[in-house]
Structures are given as C-alpha cells and as structure tokens.
Amino acid sequence: MRTVSGCTIFLLLILLSFGAMGQDPHFTSIDANQGLPNNSVYDIFQDKSGYIWVTTNDGLARYDGATFTSFKSSRQSLLSGSEIKQDGLNRIWYQNFDGQLFYIDKDSLIQFDYDNEKGYTPYTVTKNHLFITTTKGIDVYELKSLQFLKSFELDQPNIFYLNKKDETIYFYLNQALFTIDSTLSITGNRITGSEEGVVYFSEIIDSKIFLFPRLKTDARALILNLQGQTLATTTVAPQMIAQNLTLTDNHIWINTSAGTYRLNEDYSYTPFFQNENITCVIQDREKNYWFGSGNRGIKLVTNFNNRAIIRSNESYTKTKLIGDNIFATNSSNEIVELNTKTGILKKRKKLGQDREVYMFFKDEESGYSYASSDYFYILDPAFKVKKTLELSVKAMCDVDEKYLAFSASGISALILKENKDHIKSPWDNQAGLQKLQNGLKVIPLNKSQRGKDIEYIASKNRIYLLTNKGLFSYSPSEEKNILHNGNAIHARQIHVYENELIILKNDGTIWTLDHKNEFSLLPIQTSSSITQCKVHGEYLFVLSQEKILCYNFKTKVIYPVQIDLNSIEVQDICVKENDLFLAHSNGILKCDWTEKLSDLKEIYFDITKLSVNNKNYNPLVIHEFENDQNSIIIEYSLLHYNLSVLADEYYRINEGPWRLVQNGKRQIMASDLAPGNYTVEFKIGNLLQPEKIQFRVLQPFWLRSWFIILVIIIAIAAVYLVDQWKIIRLQKKYNALQEKNELLESNILLEQSLSKSMLTSIRAQMNPHFFYNALNTIHAYIFNNDKQKAGSYLVKFSKLTRMILEMSEREYVSLSEEIKSLQLYLDLEKMRFVSDFDFIINEENLGNADVLEIPSMIVQPFVENAIKHGLHHKKEDRKLTLDFESEGDLLKIIIDDNGVGRERSRKLNEKRKDHQSFSISAIDKRIELINHRRPNSIKVETLDKYNTSGMPLGTKVTITIQTKFHR
C-alpha cells in the first residue's frame, strides 16, 4: 500500500493555489448569451453520436455546437437535475432533484414510474439492466421492457454512488465494497482503512476504485483494487469539500465550490478555476474539456497549453518582441514589458491620458521606442520621453542605419535616428533634412495623404507606403503609384516576406507583389472577414474574427491554429519560436501554433431537418414535391466543438460549385427551385460528407407526361368533335339552305299573292260602283249648276285617286297618310249622301302619327264596308266613328257605325242579283298573308251591336296592329 504525505499534498496545493491564474487554461464561455438555457449547470454528458447533453435549472438540453434544444414534460415536478446517462438502447436518462427519473424516446421526455420514497437517489444502467437505489436497497429492471426483475435489500442502505465497469456494478456501503455482476448476483468485501461513519463518493479508474470523503476534509481518500483491498491513501486539503466526482480523460476530478482538482498518477492534485463553483467535468472525443459551473455556464477548454499569461480589465493593443521580452501597450496608455520565460511583468511607462496606444515601435539597435496615443512619443532606452509631437503616426519600419520611416495622417516621412547624423545614406537628398515640431528631423515622402502602413524591402531599396489613396513605392530617386488591374490599391496592411510585399486588401483577400511587380492571390479563405496578418519566417499568420490560420509560403499548406477566438477580440499578434502571443481585450494569451489538427474524419455530421414550405420531412428519404413546394430549408448538426480547428463548411447543389455556409448558421435555404432532381452535398474543409439530401421538384401538372397525353387525347377528341360539328353544321347549313330556298319560293309565291291581294284591294277601293257614284254626283252638281260643289268634289276625288295610286306602290305607309286618305274618302261619301251622314275621326289617344307605319290601304276597305253595307240601308241619322288609340305595344283602330248591322245588310244584298263584294274578301286575304310572314301582327275583331230588344244598332270593327312591326 502506498501512502502520500498529507503535508506534502497540502503544501503542493498551497503552491498551486498561489499560481492558479497561471495554471488555468484559456477557455470559451458557453452561457445564456450563447443560448444555454440557464447558467447553473449540474451535469454534462456526451452521447455515442457526439451530442452534448447538459442539465441546468431549466432542465435537460441537447447541444450540437450551434444551438441548444430543451426537453421538458408536464409531469416534471422540478426541472433541475443531474446524472445524465445513456443506456444500451441509446436512450438518454436523467434524474431531477426530486428523484423523478426520465428518459428520451423519439425526442420526447418520458417519465419512468417507480416507487420513490427516497427522493434524489443514485441510479445507473448497464447493457441490459437499470439499477435504482431505494430506502431498502437496490431495485433492478429489465432495460428493454422496463419491467421490474428483483430487489436487493440491504442494511442501512445509505448509498451515494453506483459505479459501473463493463457489466458489473460497484458501490460502497458501511465500510464494505459490494458488486452486482451481470447475472444479478451480489457479493461484498470489507475495506481496510475506511473510517466508520464517513460517507464516500466513489469512482472507478482503470482497475482501481477511488473513494473520496463527502463533506469531511479531515478524512483520507482511499485507492482500492476491484476486490476492495486498499492500495493507497491520500490527505484531503481543507478547501476540497467535494460536491461530486467525475471520471474523464482517465483522470478523476474532484469538483468543489472552490474549483476542481485533478487526481494525478502520483495521487497528488492539480487545481483549476479555484475561484469558480465547478459542478462537473468531462472530456469529449475531440479531447476538449467541458467544465460546468454553478452560476457561470460552461467553460470549454480546447487546449490546456493555451494559457493567459496576462489577465486584466485592460485591453492590450500592440506587441513588439525583442529577444525574450514582449513590449505591449494597453488601453490605459501604458507600455509593459513581459519576460516570456519567467513570466515577470513590468510596467515601463504610462503616457499622458488614459487613451489607447494604437502604435508601438522599438528600434532594437538604439533602444529608442516610439508610441502613438494622444500624442506621438519618442522615448529613450530608459523609457523617458524625449520628444512629444502632435502627429498621428500609424506605422513605422526600419530603413537603414540612419533612417526609420513612418506613415501618419498628413505626412509620411523618413525620420533620423538618434545620433546618426554623420552616417551617409542613399536616402540623403540635396534638400537635406527638414525640421518638424520639437526639432524632429525628417525627409518627407508624402505630405498630402493619410498614411496607413509602411514597409521597407532592403533588396530593392524601396519604401512601400499605404495611404487612403492607394499604394506607393519610393526609391531615393523616384516615386511610383502601384496599380492593380489599372485600379488604385485599397488595403488594410502591408508586410514583407523575403523580396515580396504581402498586401491585405480591404475586401479580405491577400496578394503578393513579387520582384517583377506581378500580383498573385494567396489561396486563403475564411467564413468570416480577415482583420490582420503577420509574417514570421516562412509563415503567414492570418487573423479572422473566428480563427487564426497559418500559411506556409514554401509548402503552400494552410492550417488553423488551435485557439478559439469566440470569447476574445484579438488586437495584435507576435511570434516567438513555437509560441504565438495574442494581445486581446482582456490581456495576453499564449498558445502553441505548431500543434496540428485532430483528424476531421472524426467529425459527426448529421442532417437534422428538411423543411419544405414550413412542413418537415424525413431527410433520409427521397421525396417528391409539387412545383409550388419549392422553398427548401435544410438544417444540420456538426458535432465538432473545437471551433478553432474546424474547417469551413460548404455545400453544393447537383454537383455545382461549392458554396460557403455563411456565419456558422448550419442552415441552407433555397427558394423558387425549378422542376427537376436535386442532390445537396456537404463538405467540411476538403472532406466530402457521405450524408446528402435528395429530392425531386415535380413539373407543373400541365408539363407532366400524363397531362400531355391527356391533352393530346382531348385535342384529338376535340378535332374529331369539331370535324363532326362542322359536318353537322354543313349539313344544317345545307338543310337550312334548302329550307331557305323553299321559304324563298314560298315567299315569292306569298309576295305574288300579296301583290295580287294589294291589286285586288285597289280594285276594291276603286271599284266601278265608287267611280260610277262619284261621277253621277259630279254630274248632278253640274246639272244643278252647282259648279262650286262640283269643283270641290272633283278636286277631292282626284286627290284621293292619286293617294291610292301612290300608296299602292308601298307596303307600309305612315298612319297620318292613311288617316288623310280616309278623311278624303269620307268627305266624298258625305257629299254624296247630301245629308243625314256624319263621321268623326278621333286621334286624341294617339301619339305621333307621322312616325307610326301600318300596311298600306289596310283600314279603308273596312270603312267602305261600313258605309256601303251598314249605313247605306239606313234612312236617317247615319253616323260613323273612327278611333285611333295606342296601348303599350299595340295600335288599335276602331270603326264604329250605327247602320242596319251585318245580318240585315246580308239579307238586303241577297235580294240584289247584281251585288259583288271584293273589298272584304281581298283585305282578309291580305291580312292572312301578312300574318303568315309575321305571325299575329294584325288582328281583326267584328262586333254586332244590339239593343235590349234585340234590334241591331250597327257594327263595331277593331283592328289591332303590334307596334313592334312598325318601322
């Protein structure tokens, strides 16, 4: 058995505590600002896939290096918990501090129900079993079915840890070590050296069991073999009041409220983060360390060799390496000197006001220093201020034994070194030195532009000056404006490598200008913008917002330096052998830039989401999407947590050009995708990932084969139907033409009949009786020597004759013309009757008679018939009334007489053997022909009038004409 001196351990801890600041490695904080659900971390665990699981006051969460995903259940009585584990079925388990046990199944948090009277209690899982401590002992469940198997009842079962090695469970109880093997058989061995009443935390390392006293620092820690035999003991320091033990990287870590302590191979302890409440420690498969703290989130350490050699609230801005010493400036206008070997820090000078020193240069030969802050300072080797000038000097460089060169706002010039007036230089000119403020002697190079940077290449004897107007070169005899592709060069920095000028342009690209004045682009790309670069030997260090890249000019190899910059803002870098010193916002950090990357093949790449039009799909299945489902979102996890060594991420679509994934979003969005097959591939650095997304965006339905075939069928059917329709139409046209021809023939016959009817009507109007009676009337007037009446009658007769002849040539005449002819006709009849005959033509209910047209000579025959057959046989008081009325679409003409009636007139006419009546039969035929062409256009109704005794009172004829047939 090996015993380590308690005094030795205690003194060692005191020394380590004194140097704790130097012992603590550089870390990246992962806290609520980076998405951690809560800053109180209780446990950290990495599963077999590479995901990091954490428990906080907000419960259980999974981390993929970019985002945290929380898992919660409505059955949780308390969110905070610990003891994250993964079983043989790859389920994640955790227990909250109320003792509720949960596991993850299909991304859902499910409670495991068991009899829990103990509250928070140790548990563990093996390949086939779940072990849970109870108030009586240990219960065992079958893991797959979660069914109860057996219970081990123990005396005073105050168990604080269940440890597992392979399939065997180990636990300490009552000064004995118990084991439960895979057959669920239990054995126990008493431990020598353990103290009665002391509760121990336990952990297994290799084939040894480490027992650490809980809450009692005067007890000793024990190292046992698996049979319970004590191999060694070690003393516990007073500050090491353990909260729990963690086994990681083959070391046991004792986590306390005053930091964490790593147990070394010689059973000594190395403390870390002694000002922190450390709750847990793990090392992931990339060799990164995760430290959980009680109130400050997670500290991610990617390399224990990266250490803060200065920690300060001051921001360090510029560095200059001279021998083993780094001269650095900070935001408080101070110049400090740090010995890289001893770590001794000296404050050399405070310049003026508390302002940032943004330029520092030290001449190694003379020991003079030059600094810019509120003024431009020149300091002697003892850092006493020799000159102060109102110049804003941005950069300086060494030219030769006599001169330095500087670039400043408003003037860039050569500056004479101290006590070098006597030396000859090619840069001496005839004008000689000029004096600026405070007696500073210079040779101006440029007086009109704002200088930004300046460098000198000795082999060319040229000074290169970078200004706001471009890049210029100067020799002792000439000045040249250097152009790139005909354009001025706008850049951030210039540096010198051998005979070449290195140019960092404002767009983040880096170019070389060789001895032939030819430009070449260096193959350096980062996902974030490049802020500065620096040459060291054959290496170029390139600083971006996320990482530092190291480029070898000779081998053309580029690789990242293993340092995470997420938590710091680097202002300047300098290199000494294998060490890279970073001046940043909280001090100076040292790292080994020669350490190479871990193998990128160990990265776990997992496509986690395929979303189309805001609907999620299984990314492992080849899908077909409609043409309007063309907005795609792909999300993935890259389970590699050392961002400093992680190469850039790329994707491509259908073997097109590789595209850089911007800003570490780990999300790809594509919209308005054209129809077709798509394959999305991923590449990390130069390593093509086997996982890929495949899907197809379908053509619009009108471009798909089934629709095209359907359209062709419909088109053929349409052509056929149109052809048949045309045939039917032609047949109908033919039939219609035949019908038209037949109708035309019929109409011709009808017109002939109508013309004949009109002639017959004319004959009826101008029948011999009328002419005979008219001539007799004229003769009577002449015989009676009544020349006036004879002349008047003759004039009216001639007018009536002319009107009848004119109207007979037209099918329609105006109603006013018809009324006028009727007036003439009735005037002649009244003169012939001499007396006892009166007539009335009533037009009061009529509109404009001039615009209404009726068939010509349609009324006169009925008027003549009323006089000839009705009134002629009456002896006295003969009256005839003609009424013209408009009713809506109808024109009514009423012919009313008070004659003997139709029956009496028929009987009287039968007695006359010479009676012939043409007018009524002719007009009836004509009306029939008109109605044949235009159905129901004219209706004639005849009414015989009688008194109450049955005696005839005359006849009433009503002619109705539809006005829609009026023209």
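This report describes a predicted protein model, going from its overall make-up to a group of helices and then to single residues in loops and strands.

Because the model is predicted, local features are reported at pLDDT of at least 70 and side-chain atom pairs at pLDDT 80 or more, whereas totals for chains, interfaces and linings use all residues. Residues are numbered from 1 along each chain as its sequence is written, and side-chain values use heavy atoms, with hydrogens and water left out.

## The protein as a whole

The protein has nine helices and 76 strands, where helices (H or I, at least four residues) and strands (E, at least two) are DSSP runs numbered from the N terminus. Of the 967 residues in the protein, 50% are buried; here buried means under 20% relative accessible area, exposed means over 50%, and partly exposed lies in between, with a 1.4 Å probe and protein chains only. Among contacts between residues at least 6 apart in sequence, 51% join residues at least 24 apart, a contact being heavy atoms within 4.5 Å.

## Helices α5, α6 and α7

Helix α6 (residues 815-833) takes part in two helix pairs described here, one with α7 and one with α5. The axes of α6 and helix α7 (residues 860-871) come within 10 Å and cross at roughly 20°, where axes are lines fitted to C-alpha atoms, for helices over the stretch in contact, and angles run from 0 to 180 degrees between N-to-C directions. That angle makes α6 roughly parallel to α7, since angles under 35 degrees count as roughly parallel, over 145 as roughly antiparallel, 65 to 115 as roughly perpendicular and the rest as oblique. The crossing of α6 past α7 is right-handed; a crossing is left-handed if the near helix is turned anticlockwise from the far one by less than a right angle, and right-handed if clockwise.

On the α6 side, this contact is made by Glu-818, Leu-822, Tyr-825, Leu-826, Glu-829 and Phe-833, and on the α7 side by Gln-860, Val-863, Glu-864 and Ile-867. Sorted by class, the contact of α6 with α7 has six nonpolar, one polar and three charged residues, where Ala, Val, Leu, Ile, Met, Phe, Trp, Tyr, Cys and Pro count as nonpolar, Asp, Glu, Lys and Arg as charged, and the others, Gly among them, as polar.

Helix α7 itself has 12 residues and reaches 15 Å from its first C-alpha to its last, close to the 16 Å expected at 1.5 Å a residue; the expected span is 1.5 Å times one less than the number of residues. Of the 12 residues of α7, 10 are buried, so this helix is largely enclosed by the rest of the structure. Among the buried residues of α7 are Phe-862, Ala-866, His-869 and Leu-871.

In the other pair, the axes of helix α5 (residues 787-807) and α6 come within 10 Å and cross at roughly 145°, and the crossing is left-handed. The residues making this contact include Tyr-793, Phe-797, Leu-800 and Met-803 of α5 and Glu-818, Leu-824, Tyr-825 and Leu-828 of α6. By class, the contact of α5 with α6 has nine nonpolar, two polar and eight charged residues.

## A buried serine in helix α8

Ser-905 lies in helix α8 (residues 901-910) and is buried, with a relative accessible area of 3%. Leaving aside neighbours within four places in sequence, Ser-905 is in contact with His-869, His-873 and Val-900, and His-869 is one of the buried residues of α7.

## Residues in loops and strands

The table compares the places and accessibility of four residues.

| Residue | Place | Relative accessible area |
|---|---|---|
| Asn-485 | loop between β47 (479-484) and β48 (487-488) | 69%, exposed |
| Lys-556 | loop between β55 (548-552) and β56 (558-560) | 53%, exposed |
| Lys-554 | loop between β55 and β56 | 51%, exposed |
| Arg-659 | strand β65 (residues 659-660) | 44%, partly exposed |

Asn-485 has a positive phi of about 55° although it is not a glycine, and Lys-556, also a residue other than glycine, has a positive phi near 65°.

For Lys-554, the C-alpha atom is separated by 8.5 Å from that of Tyr-539, 15 residues apart along the chain. Not counting residues up to four places away in sequence, Lys-554 touches Tyr-497, Glu-498 and Glu-538. The C-alpha atoms of Arg-659 and Glu-649, 10 residues apart along the chain, are separated by 8.4 Å, and Arg-659 touches Glu-649, Tyr-650 and Tyr-651 when residues up to four places away in sequence are not counted.
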